[in-house]
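Trainee: I should like to learn how salt bridges and pockets are read from a model. May we work through an example together?

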Amino acid sequence: SRVIVIGAGVVGASSAYRLAQAGAKVLVLEAERVGGGTSGISYAWTNAHRKPPFPYHQLNVNGMKTHATLREEFGGTPWWHDGGSLEWTEPDRQSSFRDNVAQLREWGYAAEYVTPAQVAALEPDIDLSVLGDAPVAYFPAEAWCDPLVYAHAMLSAAMRRHGARLICGARVAAPPMPADRASGLRLADG
């Protein structure tokens, strides 16, 4: 089958890679540059805390696991930066903070409280005086992703390994919105 992917951000690049890997002839149309839209301005923190209800939390956990397993598929992931994350809050919000950590633990999510000495070992640049006596939670499975490097890696793999094509500077006039499937689209230049 032939597929047109509109946009070469994280979602478009991932879709293009998996579609091409599955045997589709993929053409990616990007208006400006790879990662030039939302992906280029995103922090791309992979986490699943403060994401209720449970099904939404689990969707995020699965996304975290999928990102982590790309290391095996790509033999290295220069876009993936693991090491966990730390979080603390103001005194008036500590009750909901503790409730969130307790909920995450009930759901089997890696969440633990750490001491100031552990904070200093994990993140030496944090000024411990800003913590006061606030509880600090550590989420060791969390990471962040460099979305530009990720999008480029996915598109490069889609093109090199699976023959996908990329056209930058292609502005879509209006994507077709039929009830079941599209048979084409029109670019802004006709």
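**Salt bridges and a pocket**

Mentor: Let us begin with one pair: R18 and E73 form a salt bridge in which the closest N and O atoms are 2.8 Å apart. R18 lies in helix α1 and E73 in helix α2, so this pair ties together parts that are 55 residues apart in sequence. Please bear in mind that the model is a predicted one.

Trainee: How many salt bridges does a search of the whole structure find?

Mentor: The search finds 6.

Trainee: Is R18 buried, exposed or partly exposed?

Mentor: Burial is read from relative accessible area: under 20% is buried, over 50% is exposed, and partly exposed lies in between. R18 has a value of 36% and is therefore partly exposed. E73, at 30%, is also partly exposed.

Trainee: Which side chain meets that of E87 in a salt bridge?

Mentor: The partner of E87 is R50, with an N to O distance of 3.2 Å. E87 belongs to strand β5 (residues 85-87) and R50 to the loop between β3 and α2, so the contact ties together parts 37 residues apart in sequence. E87 is buried, at 15% relative accessible area, whereas R50 is partly exposed, at 40%.

Trainee: With which residue does R93 form a salt bridge?

Mentor: R93 pairs with E90, and their closest N and O atoms are 3.7 Å apart. The cut-off for a salt bridge is 4 Å, so this distance qualifies. R93 is partly exposed, with a relative accessible area of 49%; E90 is partly exposed as well, at 41%.

Trainee: Which residues are linked in a network of salt bridges?

Mentor: E32, R33 and R171 are linked in such a network.

Trainee: Let us turn to pockets. How is empty space located?

Mentor: A probe the size of a water molecule is rolled over the atoms, and this shows where empty space is left. In this structure, the second largest pocket has a volume of about 300 Å³. Its lining comprises 17 residues, of which T46, G63, M64, T66 and H67 are the closest to its centre.

Trainee: Which element supplies the largest share of the lining of the second largest pocket?

Mentor: Helix α2 does, with 7 residues. The elements that each supply at least two lining residues are α1 (10-21), β3 (45-46), α2 (54-74) and α5 (147-162).

Trainee: How do the residues of that lining divide into nonpolar, polar and charged?

Mentor: The lining of the second largest pocket has 8 nonpolar, 7 polar and 2 charged residues.

Terms used
Residues numbered from 1 in each chain as written. Predicted model: local features only at pLDDT ≥ 70, side-chain atom pairs only at ≥ 80, totals over all residues. Heavy atoms only, no water. 1 Å grid on protein atoms, 1.4 Å probe; cavity = no way out; pocket = protein on both sides within 12 Å on 5 of 7 lines; lining within 4 Å. Points joined across faces, edges and corners; volume = space filled by probe spheres on them. Helix = DSSP H or I, 4+ residues; strand = E, 2+ residues; numbered from the N terminus. Nonpolar A, V, L, I, M, F, W, Y, C, P; charged D, E, K, R; others polar. Buried < 20%, exposed > 50% of the residue type's maximum accessible area, 1.4 Å probe, protein only.
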